[in-house]
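Student: I am new to this structure. Could you take me through its cysteines, one pair at a time?

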Amino acid sequence: MPTRSVNGVREPCLKLLPPEDIEHLELPSEQASDGPVRSVVYAVLESRQEVGDNATASKQLEMESQNFNLFTGNQTLQERQESFKVQETMTVHCGFYSERGGFDIDLEDKRFMNNCKAVVSTCTFGGGDDLYQPIGMLQTSLKKVCYVAFWDEITLLEQEAEGKKLGENRTIGVWRIIVVHNLPFSDQRLNGKIPKMLGHRLFPQARYSIWVDSKSQFRRDPIAVFETLLGRTNSVLAISEHGARSCVYDEGNAIIKKHKAIPEEVERQLAQYRLDGYPKDARFDGHKALAEASVIVREHTATTNLFMCLWFGEVVRFTSRDQLSFPYVLKHLHTMRINMFPVCTRRALVNSMGHKHKAKPLIRQA
């Protein structure tokens, strides 16, 4: 277990309960109130508007971003502004706008997902990474938590070519493999944001979830992690502080310098944030507001669901580098109880394995 110095004393970065106590932990049966938001309504394309083929339907949407499509819908700038005005009932764009928008999942897989009460999830689209088996969990937790990996057909074919075949119940090790069809974006990084940010839409009955990027191996008991990072801190979302920077604008410049995004997209996002008055030195409860989002632990409440919808909207509108939009959304939902844990805690949660190779882009037929 990694350690850190606290007032001159070395302490574990992650203080989990002992196994004998973890075995008797149960997920709470009732959802606690977590702020002024009581319900979130998701914008959808009305059935009477579902006319013609996809090309015709797409033209009905006057796009403000090149990434908007039938999966996202077209969120206008006015709707974006309204979505940040927190009320008891919120109506927001949150993916799955049209039945023909893509990210299609087989009925059998949907039934499985609808039965999950707690989830550890990851994804690999475009064959970019191997599937790393989680370690460190107790057998009792395996009975309470679903482990789900989202793949596309490209990843499935590559893994099968390497001899990794789906077993009984569509599993490889502890992971249930969900093969997604008709991905909505040509940019695989954006496709990956759907399971990362919209888990509450994919697992409608789940109360808790842990997201793990495909480059990482999760190595702790999930029930213990929920208790430590959420329950013990009275939080509904836990995420790591950024290890290098604390300023969104500095991070944007670093992204451009390292060629990790299209410069014009990043500059447009930063210009919008300056126009909206987002401060250069923004902090959250004394911590860095800039996050490193390879691991996200959360309770599925109305407020965290709203947060993830708004975060997804910013990523789609601007750039897939989600660390840029996280602190901006957090500033508007500042009443959300969040645990910004130190970098060494993230290192205690996962083994960083690195990306295998660059994901193959999705090539659409003309």
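Tutor: What follows is a walk through the disulfides, then the cysteines outside them. Keep in mind that this is a predicted model.

The structure holds three disulfides. In general, a disulfide is a covalent bond between the sulfur atoms of two cysteines.

Start with C13 and C344. A disulfide joins them, with 2.2 Å from S to S. The link is left-handed, at -115 degrees about the S-S bond. Its ends come from distant parts of the chain, 331 residues apart. C13 sits in the loop between β2 (9-12) and α1 (19-22), while C344 belongs to helix α14 (residues 343-349). Are these two buried or exposed? Buried means under 20% relative accessible area. C13 has 7%, so C13 is buried. C344 has 14%, so C344 is buried as well. C344 is also part of a core of 32 residues, separate from the largest one, that includes A118, V179 and V350.

Next, take C94 and C309. Their sulfurs are 2.1 Å apart, joined in a disulfide. The torsion about this S-S bond is about -80 degrees, so this disulfide is left-handed. C94 lies in the loop between β4 (89-92) and α4 (107-114), and C309 lies in helix α12, so the bond ties together parts 215 residues apart in sequence. C94 is buried, at 0% relative accessible area. C309 is buried too, at 1%.

Helix α12 deserves a short detour. It spans residues 302-317 and gives the largest nonpolar core its largest share, 10 residues. That core has 70 residues, and F150, I239, F307 and W311 have the most contacts inside it. Beyond its neighbours within four places in sequence, F307 touches L237, F326, V329, L330, L333 and M336.

Now the third pair, C116 and C146. The disulfide between them runs 2.2 Å from S to S. Its torsion is about -105 degrees, so it is left-handed. C116 is in the loop between α4 and β5, and C146 is in strand β6, so this bond ties parts 30 residues apart. C116 is buried at 0% relative accessibility. C146 counts as buried at 13%.

How are the bonded cysteines paired when numbered in sequence order? The pattern is 1-6, 2-5, 3-4.

Two other cysteines remain to look at. Why is C123 not bonded to C94? C94 holds the closest cysteine sulfur, but that sulfur is 16 Å from the sulfur of C123, too far for a bond. C123 is buried, with a relative accessible area of 9%. C247 counts as buried at 4%.

Technical notes: Residues are numbered from 1 along each chain as its sequence is written. This is a predicted model: local features need pLDDT of at least 70, side-chain atom pairs count only at pLDDT 80 or more; totals for chains, interfaces and linings use all residues. Side-chain values use heavy atoms; hydrogens and water are left out. A nonpolar core is a set of buried Ala, Val, Leu, Ile, Met, Phe, Trp, Tyr and Cys residues joined through side-chain atoms within 4.5 Å. Buried means under 20% relative accessible area, exposed over 50%, partly exposed in between (1.4 Å probe, protein chains only). Helices (H or I, at least four residues) and strands (E, at least two) are DSSP runs, numbered from the N terminus. Contact means heavy atoms within 4.5 Å. A disulfide is a pair of cysteine sulfur atoms within 2.5 Å.
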